[in-house]
Amino acid sequence: MATQVTYVGDGSTVTFAIPFVYEAGDIDLHVAVDGVETEFTLDNPATARITPAPAIGAAVRIFRKTPFTSRDVVFENSAVLSDEDLNRADEQIFRRVEEVSDDVEDTKQRAVMAPEGQEGFTLGGVEAGQVLGLVDGKLVGVPNNAGEFIEDATAALQALQTLRDEAEGIADDVAEAGAAVAADRAAVEAARATIEDDVNTVQGVAITRQFYPGARGDVPQGLTGATIGAAGSGGADGSYAVPLSGGNLSVDAYVRVIVAGGAVAAVGVAAPGLYLGDSLTIGTVDLSSIAGLTGATVNAIGGYLVASGEFYYTDHASDDEQVARFQNQANVAVEVTPSVSFLKIALARSYAEAAQAVYDEFQSSLTRGFNALAERVEPLDNGAWPDTSFGAARMLSPGAFDCGGADSDIEPGALISGWDVRLQLLSGASKLTITLLRCALSSPYINDRPTADAGWEEVIPPFDLTVASLGLTAGLPAGQWENARLVFPEEPAAEDGYAYVPVIDVKDGSNASMNFGRGTVVIASGSYSGAGRKQGWAKLFGTDWNGLGGAPDHAFYSRVLQRQVVDPAALEERIEVLEEAIGSGADPALAVDFLWPDEFCATEGRPLSLFLANSASKRIDRDSVVFSLGSLAHPPKHSLLREGAGMLEIDTDRVGSTIQFLARKRGEKNTRYVKTMPATIVPWVSAAAPRILIIGDSLGQQVIAGALAQNLEARGASPQFIGTILTSDWNNAGGNGNGGANEVHQAEARGGKALADFTHQRVYDPGVNSTMRPVAEGGEAAYLALTAAQIVEKMSYNPFLKASAGADSFNGYRFDLGFYLTRFGFPSPTHIILSLGTNDLFQGLMGGYTTGLTALLNRIRAYSADIEIILYHDAWGLGPQFEHLKEGHYDMQVAAANLIRDRGDSKIHWLPVGLFMSEQMGWKLTVSGTDTDTGLATAGINIGEAGEVHPAFANATDAEYGVNVAMAAEALASMVVATT
C-alpha cells in the first residue's frame with residue numbers, strides 16, 4: 001500500500017524500512033505493534049527504530065495519518081495565489097485520500113462481502129429461516145428455535161453446577177490429604193537428603209583415608225582414571241566435578257573435567273567412589289552439567305582402588321569401635337590384622353603431623369646452622385636442589401668439580417672445605433664414610449669411575465661421619481629429602497687442571513656397605529654444559545652408568561663448599577686506590593653499569609615504586625649512586641621530578657608522553673647515565689579481553705599467572721589464559737600450595753625448565769629433571785589425561801615441539817606455535833608472555849640463550865605478526881646463595897634487551913619487572929626470634945631459590961609477603977592493557 005506497511009517481529013530486529021513518503025516532521029507517521037501505538041525514533045527518514053525489539057510473531061504496522069482537523073492553507077480575498085500554496089493545499093487532500101483508500105483496501109481484505117452487483121450473499125448449507133451458529137469452530141445454519149436453545153442451555157447449566165459441586169468436594173478432600181502427604185514427603189526428602197549427604201561425605205572422607213566400608217569380602221573397586229573420547233566445543237571454561245551415570249557404585253564417583261578454549265582439555269579422578277563385588281560396571285560420564293559443551297565424550301576407567309600387595313582398612317568383624325586391616329593379595333581381600341583401634345589410627349596421624357612439624361623446624365634450624373658457618377665456608381652453587389625423585393634407575397651425585405679453564409667450577413687456590421648434600425638414606429644406615437679424590441683433567445683415567453686404585457689419588461683419606469651427628473634420618477620415604485653439611489677435617493687447596501669428587505659410602509651398623517652391594521660407589525653429579533664440562537658425570541663414567549638401578553631413596557645431590565683465598569697483592573692495590581681517593585677528597589669511582597627498558601607503561605591513579613638500583617649490573621650500596629627521574633607534563637597535569645639513593649615513587653598522573661631515568665655515581669661528579677623513553681599511561685578501567693599464553697619457568701608458573709589475572713579482572717578486563725598446565729596442579733602437588741588466585745589458571749610455564757628445553761637445544765635426559773621430551777603426535781589425549789598427582793611427569797613433556805629439519809630446528813625438532821594451538825584446540829593468543837632465562841643461567845646454558853630466543857621469536861612470528869610478545873625478567877632477593885650469579889643475571893637481560901631492540905618489532909617488548917620489586921621485602925623469611933621488649937622479630941631470607949629467586953605469595957599470617965608479586969603483575973597488566 002502507498003501509506004502503510006506491516007512486518008512480523010522476530011524478537012531481535014529493531015529497525016524497519018519506511019517505503020512511503022510523509023511530511024518532513026514525524027507528526028503524521030505512526031507505529032503500532034499488535035494494534036497498540038508504540039514509541040519510535042528515526043535513524044534516517046527511511047528507517048524507524050523500535051526498542052525493545054518487537055516479540056516473535058508480533059504485527060509491526062508503520063502507517064501515515066495526515067492531520068485533517070484543519071486546513072494546511074486558508075485562502076483569503078484578494079490574496080495572491082502562489083503555486084506553492086495551491087500545491088500544499090492539494091497535497092493535504094491528496095495524502096488523506098491515499099490513506100482513506102488504503103484503509104478501505106485493508107477493510108475489504110478482512111470483510112465478508114457480497115459479490116459485485118448483488119445486495120446480499122449466499123452461504124451454502126444454510127436454509128431459509130435458520131440462523132448462523134458456531135458449531136465445532138464453524139459457522140453453520142441452525143434452527144431458529146429460541147425455546148429449544150433455552151431448554152438445552154438450562155440442562156447444560158444444571159449438569160455443570162452438579163459437576164462443579166462434586167469437583168469442589170473432591171478438591172477439598174484432595175487438598176486435605178495432599179497437605180498431609182506433602183508435609184510427610186518434605187520431611188522424608190529432607191531426612192533422606194541429609195542422610196545421603198552424611199553418608200557420601202563420611203564414605204568419601206573414609207575412602208581418601210584408605211578406609212573402605214564393607215570391604216571385608218571384596219577388594220574395593222571404583223573409578224581409577226578417565227580418558228578424553230572427543231574434546232567437543234562451545235563449553236564454558238572451568239574445572240568441573242562431573243558425576244557418573246549408570247553403573248553399580250555404592251558410593252558416587254566423580255571425574256574431574258577441565259574445559260579450556262571451549263573444549264575438554266584434561267580429565268582425571270575427582271572422587272573414586274566405591275564398588276564391592278565381582279562385576280564392576282563403572283558407568284558413563286554425564287557432561288550435560290557443563291554449560292554449552294557439545295560433541296564431547298569422556299570415558300571412565302574402573303578398577304581396583306588398592307593395588308595388589310597394598311593394604312587398606314575396613315569394618316571389624318564384630319566391634320564397631322575397631323577396624324580391620326586387609327591386604328589385596330592378587331585381587332583377593334585377605335585380613336592381616338583383625339583388630340586395629342580407631343584411636344590408634346587417629347593418634348598415628350597426629351604423630352605423623354607432629355613429626356612433620358618437627359622435621360620442618362629441624363630443616364629450618366639446619367639452614368640457620370649453615371648460615372652460621374658462612375664465615376668459614378661459602379657454598380658454590382652447582383644448580384638447584386631437586387624437588388622430586390628422579391626415577392627408579394637414577395642416582396645423583398654429591399658433585400664432581402673441575403678446577404681451571406674457562407668453565408672452572410673452583411678457582412685455583414680456593415680451599416675445598418666440604419660438601420652441602422641433599423640425600424635420602426636407606427633404613428638401617430648408620431654412618432657415611434667419605435674420601436676426597438682427584439684426577440688430572442688430562443689424565444686417561446678421567447673417564448673411569450673414580451676409585452683410589454684406578455688412576456685417581458686420595459686428597460683426603462677416608463673419614464666417618466655418623467648419621468646421628470649429621471642430624472639425618474635413615475629410611476625416609478621416597479620424595480622426602482634431608483640436607484646435611486659434610487665438613488672435611490682439612491681444607492686442601494684446589495689445583496688448576498684437576499677434577500675433584502667425593503666418594504661417599506653409606507654403611508649400616510655392622511660397617512657393611514649399603515650402596516647396592518658394590519662397596520664404595522661414586523655417584524654421578526648434576527648437569528653441566530659448555531666446552532670442557534660434562535653433561536652429567538654419569539656420562540663421563542660410561543653409557544651404562546644408569547644401569548646401577550635402584551630406588552631413588554639412595555639418591556644424593558650436593559654443592560661444594562669452598563673458601564675463596566684473597567690475593568694479598570690485589571688487596572693491597574685496592575686499598576691504595578681507596579686511600580688515594582679518600583686523601584684527595586674524591587669519591588672512588590664505582591665500576592657498575594645500568595640497564596633500563598626502551599618503553600615505560602603504567603596505569604593512571606596507580607603510583608609505582610621504582611627501585612632503580614635493581615637495574616645495576618651488580619649489587620650496589622644504595623648511597624653509592626644518586627638516581628633521578630623526570631617527566632614533563634602539560635597543564636592541567638603537573639610535571640614529575642624525583643631524586644634519591646634508593647626507591648623513587650612515580651605518580652603516574654604526573655607522567656607526560658616521555659619519562660627520563662638518570663644515574664650519577666658518587667665518584668663521578670660530572671658524568672650522568674641517561675635514558676629517555678616513551679611513556680604510555682592507560683586508564684584503570686578496561687574492557688580488554690586478552691587471550692594470554694604464558695611460556696616459561698616457575699616464575700611464570702607459580703608467581704605471575706594468578707596475580708596477573710587478579711589485576712586484570714579488577715580492572716574490568718576479561719582475560720582468557722591458554723595452556724595445558726594448571727597452575728593449581730603444580731602449586732598443590734609440588735610447589736607452594738598457598739592457594740588463592742595464583743592456583744587456578746592455565747599456562748605453559750614449567751618449574752625448573754630453561755629456554756633451551758622449550759626450543760629443544762637441550763635434548764631429553766630421563767635422569768635430568770629439568771629436560772623435556774616432545775608430546776608424540778596422536779598422544780595428546782594421554783598427555784592431557786595426566787593428573788595433578790602426575791604433574792612432574794606432565795611437565796617433562798614439551799607440547800610445542802614438532803619434528804622438523806627446517807629453520808630454527810634443534811636436534812630434529814622445532815618450536816611450532818601453530819602446531820600446538822591446532823593439536824589442543826586453543827584459540828590464537830593476543831599476548832604471549834615469556835618468563836625464560838633464569839634456569840639457563842643456573843644450569844650453565846647461557847651459551848645458547850640468544851640463539852634459542854631468536855628461534856623462539858622467529859617461530860612465533862612465523863605463525864602470526866600480530867601477537868604481542870612480552871619477555872619479562874624479575875629481581876632477586878638480597879641473599880647469599882645466588883649473589884655470585886647477579887652479574888650473569890644482568891648480562892642475560894642485556895642480551896635479551898639488545899636482541900629485541902635489534903629486531904625492530906614494535907610488538908615485542910622487554911619488561912624488567914624487577915625495577916618495581918624490592919630486594920628486601922616481599923621474599924620468604926625465616927624468623928629466628930622476637931624481642932620481648934620491642935616486639936620486633938629477627939628474620940633472615942630463606943636461603944635458596946624458594947627465598948632468593950621466587951617472590952613470596954601472600955598468606956594468612958603475612959599478607960605483605962605478596963607485595964613483589966603484586967607489583968610485577970601491575971607492570972605486566974598495564975602493558976597487556978596498553979597493547980590490547
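This passage walks through the predicted model, from its overall make-up to single residues and cavities.

The model is predicted, and local features were accepted at pLDDT of at least 70, side-chain atom pairs only at pLDDT 80 or more, while totals for chains, interfaces and linings use all residues. Residues are numbered from 1 along each chain as its sequence is written, and side-chain values rest on heavy atoms, with hydrogens and water left out.

The protein comes to 16 helices and 46 strands, where helices (H or I, at least four residues) and strands (E, at least two) are DSSP runs numbered from the N terminus. Of its 980 residues, 44% count as buried; buried means under 20% relative accessible area, exposed over 50%, and partly exposed in between (1.4 Å probe, protein chains only). Contacts, defined as heavy atoms within 4.5 Å, often reach across the sequence: among those between residues at least 6 apart, 70% join residues at least 24 apart.

Two strand residues give a view of such contacts. Tyr872 is found in strand E43 (residues 868-872) and counts as buried because its relative accessible area is 2%. Residues up to four places away in sequence aside, Tyr872 touches Leu699, Gly700, Ile704, Ile833, Leu834, Ser835, Leu911, Val913 and Leu972. Between Tyr872 and Trp910, 38 residues apart in sequence, the C-alpha to C-alpha separation is 5.9 Å. Phe463, in strand E23 (residues 457-466), has a relative accessibility of 14% and is therefore buried. Beyond its neighbours within four places in sequence, Phe463 is in contact with Leu432, Thr433, Ile434, Val487, Phe488 and Pro489. Of these partners, Phe488 lies 25 residues from Phe463 in sequence and 8.6 Å away in space, C-alpha to C-alpha.

Leu972, one of the residues touched by Tyr872, is also one of the buried residues of helix H16. This helix (residues 963-978) has 16 residues, so at 1.5 Å a residue it should span 22 Å, and the 23 Å between its end C-alpha atoms agrees; the expected span is 1.5 Å times one less than the number of residues. H16 is mostly covered, with 12 of its 16 residues buried. Among them are Asn964, Val965, Glu970 and Ser974, as well as Ala968, Ala969, Met975 and Val977.

Loops hold buried residues too. Thr66 sits in the loop between strand E7 (59-64) and helix H1 (83-110), and its relative accessible area of 9% is why it counts as buried. Setting aside neighbours within four places in sequence, the contacts of Thr66 are Asp28, Gln92, Arg95, Arg96 and Glu99.

Backbone geometry offers a few points worth a closer look. Most residues other than glycine have a negative phi, and most peptide bonds are trans. A cis peptide bond nevertheless joins Thr51 and Pro52, with omega about 0°, and Pro52 lies in the loop between strand E6 (47-49) and E7. Another cis peptide bond, with omega about 10°, joins Pro635 and Pro636; Pro636 is found in the loop between strand E29 (625-631) and strand E30 (640-644). Asp34, although not a glycine, has a positive phi of about 50°. Its place is the loop between strand E3 (29-33) and strand E4 (36-37), and Asp34 is exposed because its relative accessibility is 51%. Asn811, likewise not a glycine, has a positive phi of about 55° and lies in the loop between strand E40 (801-803) and strand E41 (813-815). At 46% relative accessibility, Asn811 is therefore partly exposed.

A search of the whole structure finds zero disulfides, a disulfide being a pair of cysteine sulfur atoms within 2.5 Å. Among the cysteines, Cys439 is buried at 2% relative accessibility, and Cys601 is buried at 10%.

Finally, the interior can be searched for empty space. The structure holds eight cavities of 30 Å³ or more. A cavity is a set of points, on a 1 Å grid over the protein atoms alone, where a 1.4 Å probe fits but cannot get out, and its lining residues have an atom within 4 Å of a point. Grid points are joined across faces, edges and corners, and a volume is the space filled by probe spheres set on the points. The largest cavity has a volume of about 170 Å³. Of its 17 lining residues, Asn614, Ser615, Asp874, Lys886 and Gln893 are the closest to the centre. Helix H14 (residues 886-903) supplies the largest share of this lining, four residues. By class, the lining has eight nonpolar, six polar and three charged residues, where Ala, Val, Leu, Ile, Met, Phe, Trp, Tyr, Cys and Pro count as nonpolar, Asp, Glu, Lys and Arg as charged, and the others, Gly among them, as polar.

Key. On a 1 Å grid over the protein atoms alone, a cavity is a set of points where a 1.4 Å probe fits but cannot get out, and a pocket is an open set with protein on both sides within 12 Å along at least five of seven lines; lining residues have an atom within 4 Å of a point.
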